[in-house]
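Subject: Handing over the structure

Hi there,

Here is the structure I promised to pass on to you. Please open it alongside this message, and then read on for what I found in it.

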Amino acid sequence: LYTGEDPLVPARAFMLAPQAPPPHVPSGLELLTVPGKCLAGPPFTAYVNALRRALTQGINPASIDVLHLQHLAFGGTPALIRALPARPRIALVHGTDLLFAEAHRDQMRVLQETARLADAIVVPTGAMADRLLQLAPTMERRKIEKIPWGVPDHLLTTPPPRPARRPTGHLRLLYAGRLTAEKGIEALLRAMPALSDSLG
């Protein structure tokens, strides 16, 4: 979307430089070397300030029309907002934003501040919008735009009828998403042997 020889959206795209040099960096993607990435306490404030300084040095504000805030939490969001305080902001909500805000006071503060300062907030599901409103109850509901990605809600709540097919003896599973504890992958893996046995 933002990088490569002919990006769909002309942009300045940044990411933090990893500890080990990446094997390939797409053209148009700039790496920022800002140490101290963390989640909480005075080190988090220092990290956000260092990231803001790095962004301010690398960005000409006159060349930026809109900020795409990839998260409602974490360090990059407050750093971008402070580096470019007068630009319109579109924020995306991810499950990690909500989970980390619930677990870390500083991330809750960042999420609430971002929800207040964003001009539009994109959520993939109604449930995530509800959770966001619980965490940031003073934010304006009108800012929220639901744009589904992945499996649409209606296919989960009212799945289409399954076509009849002959059992193959093999269990087929499609898993989409990160392999993180809160997604319940351990329970799914524990159930797999029993499900496979029932098919055989």
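Leaving aside residues up to four places away in sequence, Phe 100 touches Leu 39, Phe 74 and Gln 107. Please keep in mind that this is a predicted model. Phe 100 lies in helix H3, and with a relative accessible area of 29% it is partly exposed. Its contact Phe 74 is buried, at a relative accessible area of 18%. The C-alpha atoms of Phe 100 and Phe 74 are separated by 8.5 Å.

These two residues also come up when you look for aromatic pairs, of which the structure holds 1. The ring centres of Phe 74 and Phe 100 are 5.3 Å apart and the ring planes stand at 65 degrees, so the pair is edge-to-face; the cut-off for that label is an angle over 60 degrees. The pair links distant parts of the chain, since Phe 74 sits in the loop between strand S3 (67-69) and helix H2 (76-83), while Phe 100 is in helix H3, 26 residues apart. One more detail about Phe 74 is worth a look: its phi is positive, about 75 degrees, although Phe 74 is not a glycine.

From that loop it is a natural step to the strands. S3 and strand S4 (residues 89-92) run parallel and are joined by 3 bridges. If you want a place to start, find His 68, whose bridge partner in S4 is Ile 90. Between the two strands the chain passes through H2, and this β-α-β crossover from S3 to S4 is right-handed. S4 is also joined to S5 by 3 bridges, and these two strands run parallel as well. Here Ile 90 turns up again, with Ala 120 as its bridge partner in S5.

Next, a helix to turn around on your screen. Which residues of H5 are buried? They are Met 128, Ala 129, Leu 132, Leu 133 and Leu 135. Looking down the axis of H5, you will find these buried residues within an arc of 160 degrees, so they line one face of the helix. A general point helps here: an α-helix has 3.6 residues a turn, so residues three or four places apart point the same way. On the other side of H5, Ala 127 and Gln 134 are exposed. What do the buried residues of H5 pack against? Their partners are H3, helix H4 (105-117), strand S5 (120-123) and strand S6 (144-146).

Finally, the charged pairs. How many salt bridges does a search of the whole structure find? The search gives 6, and I will walk you through some of them.

One of them joins Arg 131 to Glu 102, with the closest N and O atoms 2.6 Å apart. Arg 131 is in helix H5 (residues 126-135) and Glu 102 in helix H3 (residues 95-103), so this salt bridge ties together parts that are 29 residues apart in sequence. Arg 131 counts as partly exposed, at 35% relative accessibility, and Glu 102 is also in the partly exposed class, at 39%.

Another is formed by Glu 30 and Arg 12, where the closest N and O atoms are 2.8 Å apart. This pair, too, links distant parts of the chain: Glu 30 belongs to strand S2 (residues 29-32), and Arg 12 to the segment before strand S1 (13-16), 18 residues apart. Glu 30 has a relative accessibility of 31% and counts as partly exposed. Arg 12, at 34%, counts as partly exposed too.

There is also a salt bridge between Arg 190 and Glu 186, with 3.9 Å between the closest N and O atoms. Both residues lie in helix H7 (residues 185-199), and because they are 4 residues apart, about one helical turn separates them. Are these two buried or exposed? Arg 190 is exposed, and Glu 186 is exposed as well.

If you would like a short route through the model, begin with the edge-to-face pair of Phe 74 and Phe 100, continue to the parallel strands S3 and S4, and end at the salt bridge between Arg 131 and Glu 102.

Enjoy exploring, and best wishes!

Technical notes: Residues numbered from 1 in each chain as written. Predicted model: local features only at pLDDT ≥ 70, side-chain atom pairs only at ≥ 80, totals over all residues. Heavy atoms only, no water. Salt bridge = Lys/Arg side-chain N within 4 Å of Asp/Glu carboxyl O. Buried < 20%, exposed > 50% of the residue type's maximum accessible area, 1.4 Å probe, protein only. Arc of directions from axis to C-beta. Contact = heavy atoms within 4.5 Å. Phe/Tyr/Trp six-rings, centres within 6.5 Å; stacked < 30°, edge-to-face > 60°. Pairing = 2+ DSSP bridges. Right-handed = clockwise from strand over helix to strand, strands pointing away.
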